[in-house]
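Here are my notes on the model you sent, set out as numbered points. Please read them alongside the sequence and the coordinates.

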Amino acid sequence: MVLWGICWCGPLVERSWADVRPSALRTFSFRIRDEPETLDWNRAHTMVESAILMNLMEGLVTLESGVFSKAGTKISPALAESWTLSQEGKVYTFKLRTGVKWSDGVLVKAQDFVYSWKRLLSPLTAASYAYLLFDIQGAEAFNRGMIQDFNQVGIKAIDSSTFQVTLNQPVAHWIYIPAFWVTFPLRQDIVDMHGEMWASPGRMVTTGPFVLMCHDIQSKIILRANSFYYGQRGNVDEVTAKIVKDDAVAMALYRVGDLDFLSDLASGDLKWGANPGDLKTFSHLKTGFLGFVTDKFPVSSVKIRRAIAMSIDKVKLISVLRGGQTPATTFVPPTLMGYSKNIGIPYNPALAMVELRNSGIDMVTSPVTIDYVLPDWDKSKIIGNFIKDEVKRNLGIDINLQATDNQSYRAKLDLRAFPLFDASWTADYPDPDSFLSVFLSNSGNSRTTWKSENFDQMVQLGRQSKTPIEREGIYFKLQKLLLEDEVVILPLYYEPNFAWVRSRVKNFELNSMDYLYLRNVSVGG
């Protein structure tokens, strides 16, 4: 049911789409799993939003598609045509492309990046990803309210086409950061004019290949081609993102031709009846995991956390999911430095019972029930029910599953009031730091309440290390602390990205961070 929606039928920059017959439009449609929390890219922090934002906007640089490895990946120019790095490795200077315009015809300026990054860091924005900029001089202090003058932060516009960033020290992966959506530019005049409603159809202006045309809550989001886009585009005039929670319904829509692209199903089986030739496999830097809120009884005890971790058979879970997953050991997935088969807690029900007894909880006289929060998605419910059965069978502990819509689920995570939670992490940039920095004390994305000064210091050492071998050694130590000593999370599975893509779709891009780029896509009849 559509609760409410906003559609814009007025002129979009030079051309009005109001008079274009729908049948004449070249369209592309795909499924998103739930209603986005927000399309405000400074505040957005889930993969539900990413497929929309990565096609509405571009930043200074972009990540090339393909499989990422320990050797990293290539960065390509986007709104910045070039950049330089100072000899000591701390000052990045970006030169913007000449003549690039927003979707309303206004020129993109370096000041638009300054405003966006200042807003991202502002305590009033309360952005989950503010910590991504904390390697910049003064950024964390500004975010914490310790300094008020943004001129003391290492972010500035030298002139309208030159944007400069000064880091505290050299950071091995930093050039990946400006490719991530929270760092995209933003127009202050648009935010000032429309307030909290600036990210809605008819108000939002964009720099990417598409503009926001329509947003029907819990139904669909429609994008239209941006005629002011500076780059080359395919032939797609209109993109529709249909909000479909149920996998069976989504696959039915694909079978009858209502979707051109479909991914992230609970199972990779071909029993769905789609054309097998449409099934594609993409690399995916993703780890599914069970999270512990470490200050909530009874998982406030590391012995209970370890007992639960030992009671879950990941190999058996993979056979239940049947989606090409593999059992996870480290939080960092394969192909990145920091991955290891020899780190983590293995399945061992006998030792799990020993840990439970040593925790001091008497399951006979004082049985416990543990709340577990998860989104009401098919895959999450399969995993939740599996974990519930394993923990009950091996430990006698009851788990109460609380499955809710995505926005309620995210709100419950933010409360950090439920001992267990279902989660997955997909890399924001192709570096192990994207995984380990989640659990920094100042991270806005950790939902565990766990903090460790030693962990924080080691993450910083990893960023500053000179050689890959040295960095990888640090990431092994970090994960032993996180996964074995403290048992903050339990990695469950890695998975490839199975996707159905119609044969009429050409030049399709889906990279290892699950970024759906439609800028080059063309569609046939």
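1. Two strands are taken as paired if DSSP finds at least two bridges between them, and strands (E, at least two residues) and helices (H or I, at least four) are DSSP runs numbered from the N terminus. On that footing, strand S18 (residues 369–375) pairs with S20 in the parallel sense over 2 bridges, and Tyr372 stands opposite Leu420 in S20.

2. A word on the basis of these notes: this is a predicted model, in which local features need pLDDT of at least 70 and side-chain atom pairs count only at pLDDT 80 or more, while totals for chains, interfaces and linings use all residues. Residues are numbered from 1 along each chain as its sequence is written, and side-chain values use heavy atoms, with hydrogens and water left out.

3. Strand S20 also has an antiparallel partner, strand S16 (residues 286–292), to which 7 bridges join it; within this pairing Lys286 stands opposite Thr426. Because 6 of the 7 residues of S20 (residues 420–426) are buried, the strand is largely enclosed by the rest of the structure; here buried means under 20% relative accessible area, exposed over 50%, and partly exposed in between (1.4 Å probe, protein chains only).

4. A second group of strands forms an open sheet of 4 strands, in the order S7-S8-S10-S9 and with antiparallel pairing. Strand S7 (80–85) and strand S9 (155–159) stand at the edges with a single partner strand each, so one side of each lacks a neighbour in the sheet. The twist averages 20° from one strand to the next, with angles running from 0 to 180 degrees between N-to-C directions of axes that are lines fitted to C-alpha atoms, for helices over the stretch in contact. S9 and strand S10 (residues 162–166) are joined by 4 bridges, and Ile155 has Val165 as its bridge partner in S10. Helix H2 lies across strand S8 (91–96), S9 and S10, and runs at about 170° to S9.

5. Which residues touch the most other members of the largest nonpolar core? They are Phe28, Phe30 and Trp181, in a core of 121 residues, where a nonpolar core is a set of buried Ala, Val, Leu, Ile, Met, Phe, Trp, Tyr and Cys residues joined through side-chain atoms within 4.5 Å. Helix H2 (residues 110–121) supplies the largest share of this core, 7 residues. Apart from it lies another core, of 33 residues, with Phe292, Ile308, Val368 and Ile387 among them.

6. The whole structure contains 31 salt bridges, each being a side-chain nitrogen of Lys or Arg within 4 Å of a carboxyl oxygen of Asp or Glu. In one of these, the closest N and O atoms of Arg31 and Asp247 are 2.8 Å apart. Since Arg31 lies in strand S4 (residues 27–32) and Asp247 in helix H5 (residues 247–255), the pair ties together parts that are 216 residues apart in sequence. Both partners are buried, Arg31 with a relative accessible area of 7% and Asp247 with one of 1%.

7. Two further salt bridges deserve a look in the viewer. Glu196 and Arg43 meet at 3.6 Å, N to O, and link parts of the chain 153 residues apart; Glu196 is exposed, at 65% relative accessible area, whereas Arg43 is partly exposed at 25%. Glu140 and Arg144 meet at 3.9 Å, with Glu140 partly exposed at 26% and Arg144 exposed at 57%.

Methods: Contact means heavy atoms within 4.5 Å.
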